[in-house]
Amino acid sequence: MPKRFALRAVAIVAASALVVIGAASSASAHVSVSSPDAKPGGYGKLVFRVPTESDNTSTTKLVVALPKDHPFAHVGAQVKDGWKVEKKEEKLPAPVKVGDVTLTKAITTVTWTATGTGIPANDFDEFALSVGKLPEGVDALSFPTEQTYSDGEVVKWADVAKDGAAEPEHPAPTLKLTAAVTPVAATSADSTSSTDKLARWLGGGGLLIGLLGLAFGLRPRKPAVAAGTPAGSGPGESGPGIAESGK
């Protein structure tokens, strides 16, 4: 394979790979929940990560629904500057025993409402809850969430993912419970924002490399000098071995 075609192919493949990575990162941006310490039968911190998937609006409200079939005896909500937090308590459909306590009512929703600009376009923030006790004998807990934008749009993250099926368009934040949960390192808004920017720069850089490789590959090559032709011979010049006329 000629060198120019090999270089062009490598550049295009690199650019395509970076673009695919960037697209996958964007596609996975949705409200999610994680925990550094949650385990069955104990207390844990739940962290809801909320991205603003918009170029011109901000997130101004977040409503997190807590499971009624596995209610928490304790729910503490993070107090954040620029946000008002409200916990709503309701009577349960039936009494539920949580540890040594039988609950007839419990906190079923937690709402954060922005008192300022909220989460800016293309940025994200995190909202935390301290809950317990977490149920035993349960593999996962889902927390249907409503995200409200500054233009009035409400996105309901409430679709339940099915085993073996593709991820739904708006999956409900789901926390998997195991006997021992691997701690999740806390990620600051600045570090994650830097990661997102790096992915965008890599994607753009990959496209630039691909275009440069394409341009290089299409560049016209200089004509090769025919074998046996003396260097410097040109029109009107007589090389050795050519007899002059008239002699």
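Two strands pair if DSSP finds at least two bridges between them. Strands (E, at least two residues) and helices (H or I, at least four) are DSSP runs, numbered from the N terminus.

Welcome to these exercises on a predicted model, in which local features need pLDDT of at least 70, side-chain atom pairs count only at pLDDT 80 or more, and totals for chains, interfaces and linings use all residues. Residues are numbered from 1 along each chain as its sequence is written, and side-chain values use heavy atoms, with hydrogens and water left out.

**Exercise 1. The five-stranded sheet**

Find the order of the strands in the open sheet of five strands, and say which strands stand at its edges.

Solution. Start with the order: the strands run E5-E6-E3-E9-E10, and their pairing is antiparallel. Next, look for strands with a single partner: these are E5 and E10, so one side of each has no neighbour in the sheet. Then compare directions: on average, neighbouring strands are turned by 15° against each other, direction ignored. Such angles come from axes, which are lines fitted to C-alpha atoms (for helices over the stretch in contact), and run from 0 to 180 degrees between N-to-C directions.

**Exercise 2. Partners across the strands**

How many bridges join E5 to E6, and which residue of E6 stands opposite Lys91?

Solution. Begin with the pair as a whole: E5 and E6 run antiparallel and are joined by twelve bridges. Within E6, the residue opposite Lys91 is Lys105. Now follow the chain round the hairpin of E5 and E6: two residues lie between the strands, and Gly99 there has a positive phi near 65°. Moving on to E3, five bridges join this strand to E6, again antiparallel. Here Leu62 has Trp112 of E6 opposite. E3 also runs antiparallel to strand E9 (residues 145–149), with five bridges between the two. Across that pairing, Val64 faces Thr145 in E9.

**Exercise 3. The four-stranded sheet**

Which strands lie at the edges of the sheet of four strands?

Solution. Write down the order: E1-E2-E7-E4, an open sheet with antiparallel pairing. The ends of that list are the edges: strand E1 (32–34) and E4 each pair on one side only. From one strand to the next, the twist averages 25°. To see one pairing in detail, take E1 and strand E2 (residues 44–51), which pair in the antiparallel sense over three bridges. Opposite Ser32 you will find Arg49 in E2.

**Exercise 4. Charged partners**

Find the network of salt bridges that includes Glu90, and say where Lys68 lies in the chain.

Solution. Recall the rule: a salt bridge is a side-chain nitrogen of Lys or Arg within 4 Å of a carboxyl oxygen of Asp or Glu. The whole structure holds five of them. One is between Lys68 and Glu90, at 3.2 Å from N to O. This pair links distant parts of the chain, 22 residues apart: Lys68 is in the loop between strand E3 (59–65) and strand E4 (74–77), and Glu90 is in strand E5 (residues 83–98). Glu90 also bridges to Lys88, the closest N and O atoms being 3.6 Å apart. Put together, Lys68, Lys88 and Glu90 form a network.

Finish with accessibility, where buried means under 20% relative accessible area, exposed over 50%, and partly exposed in between (1.4 Å probe, protein chains only). Lys68 has 42% and is partly exposed; Glu90, with 24%, is partly exposed, and so is Lys88 with 45%.

**Exercise 5. The nonpolar core**

Which strand supplies the largest share of the largest nonpolar core?

Solution. Set the rule: a nonpolar core is a set of buried Ala, Val, Leu, Ile, Met, Phe, Trp, Tyr and Cys residues joined through side-chain atoms within 4.5 Å. The largest one has 29 residues; Leu46, Leu66, Phe72, Val75, Trp112, Leu129 and Phe143 touch the most other members. Strands that each supply at least two residues are E2, E3, E6, strand E7 (124–132) and strand E10 (154–157). The largest share, four residues, comes from E6.

To close, visit Phe72: leaving out residues up to four places away in sequence, its contacts (heavy atoms within 4.5 Å) include Leu66, Leu103, Val131, Leu141 and Phe143.
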